[in-house]
Structure formats: C-alpha cells, structure tokens
Amino acid sequence: MKVGVVGATGEVGRTMVKVLEEFDVPVTELRLFASERSAGKELEFKGRKIRVELLTEDAMKWKCDYFLFSAGASVSRKFAPIASENGATVIDNSSAFRMEKDVPLVVPEVNSHLLEGYTGIIANPNCSTIQMILSIYKLHEVYGIKEIFVATYQSVSGAGRKGIEELLAQERGENISKVFPKPIHRNVIPLIGDIQDNLFTQEEMKMVNETRKILNDYSIKVYPTTVRVPVLYGHSEAIMVRFRKPFESLERVREVISSGEDVVVTDELITAVDVTGKNETYVCRLRAGDENTILFWNVADNIRVGAATNAVRILLKHAKMNGRM
Ligand SMILES: NC(=O)c1ccc[n+]([C@@H]2O[C@H](COP(=O)([O-])OP(=O)(O)OC[C@H]3O[C@@H](n4cnc5c(N)ncnc54)[C@H](OP(=O)(O)O)[C@@H]3O)[C@@H](O)[C@H]2O)c1
C-alpha cells in the first residue's frame, strides 16, 4: 500500500515511520512531508533513505491509500480535507477533527468497529486519553464506570521537539521559557493548554470529552488535573475509578483489566523511564478504595501508545477490515 506521513520529521512523525517498519506494514511506497525547515532532509525506512518533501496542496492529491498526519491542528485543518477528498484515508493525530460528530475517534482495541466501510478522516485521540482508556475499557464493560478522577504527570515530549529542547536548555542553565508557562527544570506545572470558561484546561477537557466519545457513554464523569513534569518521554497518570456495580475482588479487577488488548497489569513498580520505546500501557499499584472504587498508576510511552503506535494500529485494522491488505 502507498502511505504518506505529514509532519514526518517531528517526534510523532519519526516514530510513525519507525512503527510502520517495526509492525511490518506492507508499504510499497512511502512519501514524507514537512515544512520548508526540513524539506530535503532524509529519513530511513527499511534500510532506504527517503527524502522529505515540502508539504503542498498538490502533494495531497497523490493517489495513495493512507495519509498519517502529525503536524499540528492548523496543518491538518488545511491539508487533511484535500487528501481525503482525493481518495486517501487520513489518520489525524491533531485535535482538529476529534470532536466532529461524523469523524470516528478511534482507539483500535476499543472501538475499531467504527472503521468498517469508513473512508475519510479518522481521528487519533489525545495521548493522555488513549493510555487511560486502554486501562479502563474492559472495566467499563463489566462494572460500568460512573466517575474517573485522574491526575496526569506528562512528559515534555508531549509538547513536541520544542518541549524537549526547552527542558534540555534549562538543564544546561539557559534561561529560555517559550513553550511552558513556568520553568520546567526541577519543577512541576499544573497547566497544559489554555484555561477554558469552566476553569479546566484544554488538555483536561480533551480527557473529559474524548473519553465519553470513545466509550460512547456520555454519563461518565471525568475529573482531570493535567500536569507537566520534567520527564523526557512517558506520561504517568494517578487514576481513581468509581463503578456503578461493586467489584468482587481486586484479583478479579486485575483479570478484567488484563483481558484488554495492549495493557499489562503488574506488581512491579513501573515508571515513565521503563516504558520508553514500548507499545503497551502499564498498570501498577492497583488498590481498592471501597467496594466500588479502585486506584492505580498508569504509564505509557506518549509518543508511541499516545500517538504513533495508535495511528499505525488504526491503519492496520482499517486496511484489514476494508480489504486493503
Ligand atoms: N508529542 C506527543 O506526545 C503527541 C501525542 C499525541 C498527539 N500529538 C500531536 O501530533 C502532532 C505533532 O506532534 P509532535 O510532538 O510530533 O510535534 P513536533 O516534534 O513539533 O513536530 C512537528 C512536525 O510537524 C511539521 N510541521 C509543523 N508545521 C508545519 C507546516 N506548516 N507544514 C508542514 N509541516 C509542518 C514539522 O516539520 P518541520 O521539521 O519542518 O518543522 C514536524 O515534522 C501535534 O498535532 C500534536 O498535538 C503529539
């Protein structure tokens, strides 16, 4: 199949190219796009060097099977509809189309049925939402989730290459503060995205709205606090879930979470550093509050589970379900 990657030189785009190779996606032609800053650079795919092209409207008319977009919401808004109108299925990592009624918002382990017979734009959820969903979707099927209280500990790579560079610069003693609203080196910042009218941030409202859309249950209440921490890769989340039905035992809860795909429940202590480069979401420190309430620690590689791997898994499921491979 023919695949294009828009934003191929970014943290997520580069990882998409790697994951396409690692998952052995049968790509016959791969084209890579970025801005004038990176056009002409070369990236490697399956031992071959591929030159990065300048993103143009004309390039989006390429008759290919899939475009993976990862260059920010404004780029997606402008270019993804052109690619889609010209016949490609678009898998978009930005927030541009996630809440549009007719656009499926997909975590393939959870709601891939939406991909059957669908062509057009498919939205990849926000990174902190994806890893949370992977640890709770089976619990929702069995016990019915009533409320979720979550505090995130999100790495600087969640803000892209420039987020990583800002932390590294501050570690070297340089006084640069462009990406984060306060110094991030040796600090913790409880603000990701702009504050909305209801005093929650954009990032927090993504967790509320996207969770409900993916689980297709608008009665679930989600109470998030999203926080940036000086970690390079890997988001962590302290999650408390209240069920409608009481659970039998923690052992049974553990079995239910583990029955989900691409989630690992463990007694080991797992931290962000341990999950870098992994394609699974990890759950540890599982505890009972009362008979309806559990608490646990959730960790995943935000660039993979939260973006690139989810997008490639969507591509594979879509291709299989629609006779493209
Ligand atoms: N990082 C995460 O954890 C994460 C998770 C989920 C979703 N996302 C989403 O994925 C997208 C990319 O994130 P990232 O972390 O990879 O960011 P990044 O490291 O800053 O990379 C941005 C990419 O977009 C390209 N780009 C920017 N403006 C462009 C333009 N006008 N025309 C063409 N290409 C342009 C850049 O190309 P140049 O090299 O030419 O600048 C680069 O390839 C964002 O929408 C982000 O919200 C990120």
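Asp24 counts as exposed, because its relative accessibility comes out at 57% and the cut-off for exposed is over 50%. Keep in mind that this is a predicted model. Asp24 also has an unusual backbone angle to look at: its phi is positive, near 55 degrees, and the residue is not a glycine. Beyond that, there is an open sheet of seven strands to walk through, plus a crossing between helices H4 and H9.

**Positive phi outside glycine**

- You'll find Asp24 in the loop that runs between helix H1 (11–22) and S2.
- Arg186 is another one to check: phi is about 55 degrees, positive, and again the residue is not a glycine.
- Arg186 sits in a loop as well, the one between helix H5 (161–171) and helix H6 (202–215).
- Is Arg186 buried or exposed? With a relative accessibility of 75%, Arg186 counts as exposed.

**The sheet**

- Go across the seven strands and the order reads S3-S4-S2-S1-S5-S6-S7, in an open sheet with mixed pairing.
- Which strands stand at the edges? They are S3 (42–45) and S7 (121–123); each has a single partner strand, so one side of each has no neighbour in the sheet.
- Ignoring direction, neighbouring strands here are turned against each other by 25 degrees on average.
- Inside the sheet, S1 (residues 2–6) and S2 (residues 29–34) run parallel and are joined by five bridges.
- If you want a spot to zoom in on, Val5 stands opposite Leu32 in S2.
- Helix H2 (residues 73–85) packs on this sheet, and the strands it touches are S1, S5 (66–69), S6 (89–92) and S7.
- As for how H2 is laid down, its direction makes about 175 degrees with that of S5.

**Where H4 meets H9**

- The axes of H4 (residues 127–143) and H9 (residues 304–321) come within 8 Å, crossing at roughly 85 degrees.
- That angle makes H4 roughly perpendicular to H9, because angles of 65 to 115 degrees count that way.
- Which residues make the contact? On the H4 side they are Cys127, Ile130, Gln131 and Leu134, and these meet Val305, Gly306, Ala307 and Asn310 in H9.
- Sort the residues of this H4 contact with H9 by type and you get five nonpolar, three polar and no charged.

Definitions and conventions
Residues numbered from 1 in each chain as written. Predicted model: local features only at pLDDT ≥ 70, side-chain atom pairs only at ≥ 80, totals over all residues. Heavy atoms only, no water. Axes fitted to C-alpha atoms, helices over the stretch in contact; angles between N-to-C directions. Helix = DSSP H or I, 4+ residues; strand = E, 2+ residues; numbered from the N terminus. Parallel < 35°, antiparallel > 145°, perpendicular 65-115°, else oblique. Contact = heavy atoms within 4.5 Å. Nonpolar A, V, L, I, M, F, W, Y, C, P; charged D, E, K, R; others polar. Pairing = 2+ DSSP bridges. Buried < 20%, exposed > 50% of the residue type's maximum accessible area, 1.4 Å probe, protein only.
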